[in-house]
Each structure stands twice: as C-alpha cells, then as structure tokens.
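The following note records points for discussion on the structure shown below. Each point takes up one part of the fold or one group of residues.

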Amino acid sequence: MLRLAARQHGVVTRAQAIETGLTKSMVQTRVRTGRLRRIHPGVYCVGGSPATFEQRAFAAAAWAGPGAVLSHRSAGYLWGLVDRHPPVDELWTPRRRTRPPAASVHTSRRIWLRAIEGGSGTSRSRPRHAR
C-alpha cells in the first residue's frame, strides 16, 4: 500500500487499501492510530506524508471517482497557467456527487476538453492551446 501511496502523492482509497491486502478493520485501525488520515469519505493519506496541493487535488479526484479530472483554476495551476493554487479544488466529473469540503464539483455528461494524465500523476483537463 505504501508504494501505491507514494505514486499518488500519499493518497489511497479504501478500495485500493483492501486490494493490497488490508481488511476494513485494518484500515479503521490505521485511521484510529493516525497511520492513515481521512481526507474524504473512503479516501485517506498516509500519516506523515507532506500536505501539498497535489495531494489535496489527487484526493479530491479519487473521491469523485472514475472519469473525474481537475478543472478550471486547479487544472490551470497544474499546467502552470495560474501562479497560485486555488483555495478550493475544482473538479469535473461525469456523474453527480455530493460536494466534498473545500471543493467545487462540476458535472456534465459531456466534456469538450480532453482529459489527460499529467506529469504529476494527477488527471486534469487540458486547455485547448496547450500541446
């Protein structure tokens, strides 16, 4: 699980932790003892991992589920188009979700921007002029 978390800015989902061999009880114990810290429902970061914008953004996208990408100012920051990271993560997702704390979620069945895997390992929408 730790290798996976290292590739994901210290973030793992409950499902990923269970896929690596942990039980639900083991995940709960790690949360209770501080070895995992809950960021969103079913999304955790490894205790002691540095809190970064990328970690927060990856956690929000993991919470939003398959097909979710960073959008708006969050994607602009990761592309280097915005100087400061936004105070709230902005996501686009193809399915409706309740909004997690400190996030703005945009939902649509269609997206006109191409979603790509970014160099930081965090999916984000790609502006049309970026190549």
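1. Thr 52 is a convenient place to begin. At a relative accessibility of 33%, Thr 52 counts as partly exposed, because the term buried is kept for values under 20% and exposed for values over 50%. Thr 52 sits in the loop between strand 3 and helix 4. Its C-alpha atom is separated by 9.6 Å from that of Gly 10, although the two residues are 42 positions apart along the chain. The model discussed here is a predicted one.

2. Overall composition. The chain contains 5 helices and 8 strands, and their order along the sequence is α-β-α-α-β-β-α-β-α-β-β-β-β. Of its 131 residues, 40% are classed as buried. Among contacts with a separation of 6 or more, 48% are made by residues 24 or more positions apart. The accessible surface amounts to about 7,900 Å², and carbon and sulfur atoms contribute 52% of that area.

3. The three-stranded sheet. An open sheet is built from 3 strands in the order 1-3-2, with antiparallel pairing. Strand 1 (11-13) and strand 2 (36-40) are the edge strands, each paired on one side only. On average, and ignoring direction, neighbouring strands of this sheet are turned by 40 degrees against each other.

4. Pairing within the sheet. Strand 1 and strand 3 (residues 43-46) run antiparallel and are joined by 3 bridges; on this side, Thr 13 has Val 43 of strand 3 as its bridge partner. Strand 2 and strand 3 are likewise antiparallel, with 4 bridges between them, and here Arg 38 has Tyr 44 of strand 3 as its bridge partner. Strand 2 and strand 3 also form a hairpin with 2 residues between them, and Gly 42 in that turn has a positive phi of about 80 degrees.

5. Helix 4 and the sheet. Which strands does helix 4 touch as it packs on the sheet? Helix 4 (residues 53-64) is in contact with strand 1, strand 2 and strand 3, and its direction makes about 65 degrees with that of strand 2. The helix has 12 residues and spans 16 Å from its first C-alpha to its last, close to the 16 Å expected at 1.5 Å a residue.

6. Burial of helix 4. The helix is mostly covered, since 9 of its 12 residues fall under the 20% limit for buried residues. The buried positions are Phe 53, Gln 55, Ala 57, Phe 58, Ala 59, Ala 60, Ala 61, Trp 63 and Ala 64. Just after the helix, Gly 65 takes a positive phi of about 100 degrees.

7. The aromatic pair. The count of aromatic pairs comes to 1. Phe 53 and Tyr 77 form this pair, with 4.9 Å from centre to centre and 80 degrees between the planes; the arrangement is edge-to-face because the angle is over 60 degrees. The pair links distant parts of the chain, as Phe 53 belongs to helix 4 and Tyr 77 to helix 5 (residues 72-78), 24 residues apart. How does the accessibility class of Phe 53, buried or exposed, come out? Phe 53 has a relative accessible area of 7% and is therefore buried. Tyr 77, at 23% relative accessibility, is partly exposed.

8. His 72 in helix 5. His 72 is found in helix 5 and has a phi near 50 degrees, a positive value in a residue other than glycine. Its relative accessible area is 47%, so His 72 counts as partly exposed. The C-alpha atom of His 72 is separated by 9.0 Å from that of Asp 89, which is 17 residues away along the chain.

9. His 9 and the backbone angles. Where does His 9 lie? His 9 is placed in the loop between helix 1 (2-7) and strand 1. Its phi is near 60 degrees, again a positive value in a residue other than glycine. Most residues other than glycine have a negative phi, so such positions merit a reviewer's attention. His 9 has a relative accessible area of 23% and is therefore partly exposed.

Key: Residues are numbered from 1 along each chain as its sequence is written. This is a predicted model: local features need pLDDT of at least 70, side-chain atom pairs count only at pLDDT 80 or more; totals for chains, interfaces and linings use all residues. Side-chain values use heavy atoms; hydrogens and water are left out. Two strands pair if DSSP finds at least two bridges between them. Axes are lines fitted to C-alpha atoms, for helices over the stretch in contact, and angles run from 0 to 180 degrees between N-to-C directions. Contact means heavy atoms within 4.5 Å. Rings of Phe, Tyr and Trp (its six-membered ring) pair if their centres lie within 6.5 Å; planes under 30 degrees apart count as stacked, over 60 as edge-to-face and the rest as tilted. Buried means under 20% relative accessible area, exposed over 50%, partly exposed in between (1.4 Å probe, protein chains only). The expected span of a helix is 1.5 Å times one less than its number of residues. Accessible areas come from the Shrake-Rupley method with a 1.4 Å probe; for residues, only the protein chains shown count as cover.
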